[in-house]
Amino acid sequence: MNATTKFAGFTLGLAAVFGIALATGAVIGPDPAPEAPAHEDGPAAPSDQAPGGMMATENGYTLRLDTALTTAAPNVPLRFRILNRDGAPVTRYQRSHDKDLHLIVVRRDMAAFQHVHPVLGGDGTWSVPLDLTRAGDYRVFADFIPEGGANLTLGADLRVAGNYDPQPLPPAATTTTVGGYTVTLDGTVAAGQASKVTLSVRRDGKPVTDLEPYLAAYGHLVALRTADLAYLHVHPDGHPGDGVTPAGPGITFYVTAPSAGDYRLFLDFQHEGVVRTAEFTLTVGQGTTAAEPVNHDEHGGTPAHAGHDAPAPAHTH
C-alpha cells in the first residue's frame with residue numbers, strides 16, 4: 001500500500017481533545033470500503049471508508065490492553081494483544097514500513113505524543129515501555145496488517161493517574177520548531193477533497209536536503225481530529241532511493257479531511273541519526289464533504305516524543 005492511497009482512502013481520521021467522557025462496551029463496526037486505487041502522479045480517489053482508531057474491535061480483530069489504568073512514571077511497561085474473532089492472540093503480521101505494528105500513544109489534549117514499536121512475544125503479547133510522566137487520559141492506537149488481511153487501526157483508552165495538567169489546543173500555525181529545526185507547512189486543506197500539503201525542514205535558515213530514511217520513508221505523519229477519536233498514520237509520496245523522491249527539504253502528503261475543523265498533525269522525520277517530531281494545529285475549511293459513518297468505541301525501540309529529540313529506533317523487532 002502506498003502513502004497516497006492510505007491517506008486518501010482513510011479520509012483523515014483523528015483524536016479527541018480533553019474533556020470527552022468515557023463510555024464502555026466494544027462495538028464491532030462494518031467492514032471497511034475497498035481501498036481506492038493508487039496513482040503514480042497524484043492522490044488516490046477518496047473512498048467512503050470510516051476513520052480508523054475509533055473502535056477497539058473491527059473486522060473480527062480486537063485490541064486488548066493488559067491494563068487500562070496505570071500511574072504516571074517515565075518508564076511504564078505497556079502490554080497488549082491483538083485477538084482474532086475466536087479470541088486467540090494474533091502472532092503473524094505483514095510488515096509495513098519496516099515494522100509489524102506501529103503504536104501511537106497520545107494524551108487527549110494532544111500535549112503528549114509517542115510513536116513507538118513494541119516487541120512481539122511468542123504468545124502473541126506485545127510489550128513496550130512508555131513515557132507516561134504526564135498524567136491524564138490517553139488514547140492508544142495499534143496500526144497493523146494481520147497476515148492475509150487488510151490494514152487496521154484499533155484504539156483503546158489508557159488512564160494515567162496523577163496530577164493532570166490539561167492544556168489548551170495550540171493555535172493554528174504554518175511554522176513550528178523542534179530541536180533546532182524549523183518546519184513549515186505549505187498547502188490549504190478543504191474537507192472532502194484531496195489536498196496537497198508539503199512540510200519543509202530547515203536548520204539555521206538553510207534547507208535540509210539530506211533527510212534520512214526513517215522506517216522506509218523520509219517522514220511519517222499522524223493526523224488527529226480534535227472533535228473525536230479518529231486517527232490516521234500516513235506516509236508521504238515517493239520512496240527513498242527511487243531516483244525521484246528528494247531527501248528534503250519538502251515532504252509531500254495528500255490529505256483528504258472528512259470534515260471542517262481543527263486537526264493536530266505530528267510529523268516524524270530523521271536527520272543525523274535522530275528522530276524528531278514536529279507538531280502543527282491545522283484548520284480545515286469547508287469543502288465537498290462526503291457523509292461519514294458514525295462509530296462508537298468501548299470508551300466512546302525508542303519513542304519520538306512530541307517537541308523532543310529521540311534516537312532513531314532500530315528497524316528490527
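The chain exposes about 13,000 Å² in all, and carbon and sulfur atoms supply 51% of that area. This comes from a predicted model. Of the 317 residues, 52% count as buried. As for secondary structure, the tally is lopsided: the chain has 20 strands and 1 helix.

One part of this strand-rich picture is an open sheet of 5 strands. Reading across, the order goes E3-E10-E9-E5-E6, and the pairing is mixed. The edges belong to strand E3 (69-71) and strand E6 (113-116); each has a single partner strand, so one side of each is left without a neighbour in the sheet. From one strand to the next, the twist averages 25°. At the E6 end, strand E5 (residues 101-107) pairs with E6 in the antiparallel sense, and 4 bridges hold the register. Within that pairing, Leu-103 sits opposite Val-116 of E6.

Strand E4 (residues 73-83) turns up in two pairings. With strand E2 (residues 61-65), E4 pairs in the antiparallel sense over 4 bridges. Here Leu-65 faces Phe-80 of E4 across the pair. With strand E8 (residues 125-132), E4 again runs antiparallel, this time joined by 7 bridges. Leu-78 is the residue that stands opposite Val-128 in E8. In general terms, strands of a sheet pair through backbone hydrogen bonds, and they can do so either parallel or antiparallel.

Further along the chain, Ser-200 gives a local view of strand E13 (residues 194-203), where it is placed. Is Ser-200 buried, partly exposed or exposed? Its relative accessibility is 24%, and since buried means under 20% and exposed means over 50%, Ser-200 counts as partly exposed. Setting aside the neighbours within four places in sequence, Ser-200 is in contact with two stretches of the chain: Thr-182, Val-183 and Thr-184 on the one hand, Pro-249 and Gly-250 on the other. As for Asp-186, this residue lies 14 residues from Ser-200 along the chain, and the C-alpha atoms of the two are separated by 7.9 Å.

Conventions. Residues are numbered from 1 along each chain as its sequence is written. This is a predicted model: local features need pLDDT of at least 70, side-chain atom pairs count only at pLDDT 80 or more; totals for chains, interfaces and linings use all residues. Side-chain values use heavy atoms; hydrogens and water are left out. Two strands pair if DSSP finds at least two bridges between them. Buried means under 20% relative accessible area, exposed over 50%, partly exposed in between (1.4 Å probe, protein chains only). Accessible areas come from the Shrake-Rupley method with a 1.4 Å probe; for residues, only the protein chains shown count as cover. Axes are lines fitted to C-alpha atoms, for helices over the stretch in contact, and angles run from 0 to 180 degrees between N-to-C directions. Contact means heavy atoms within 4.5 Å.
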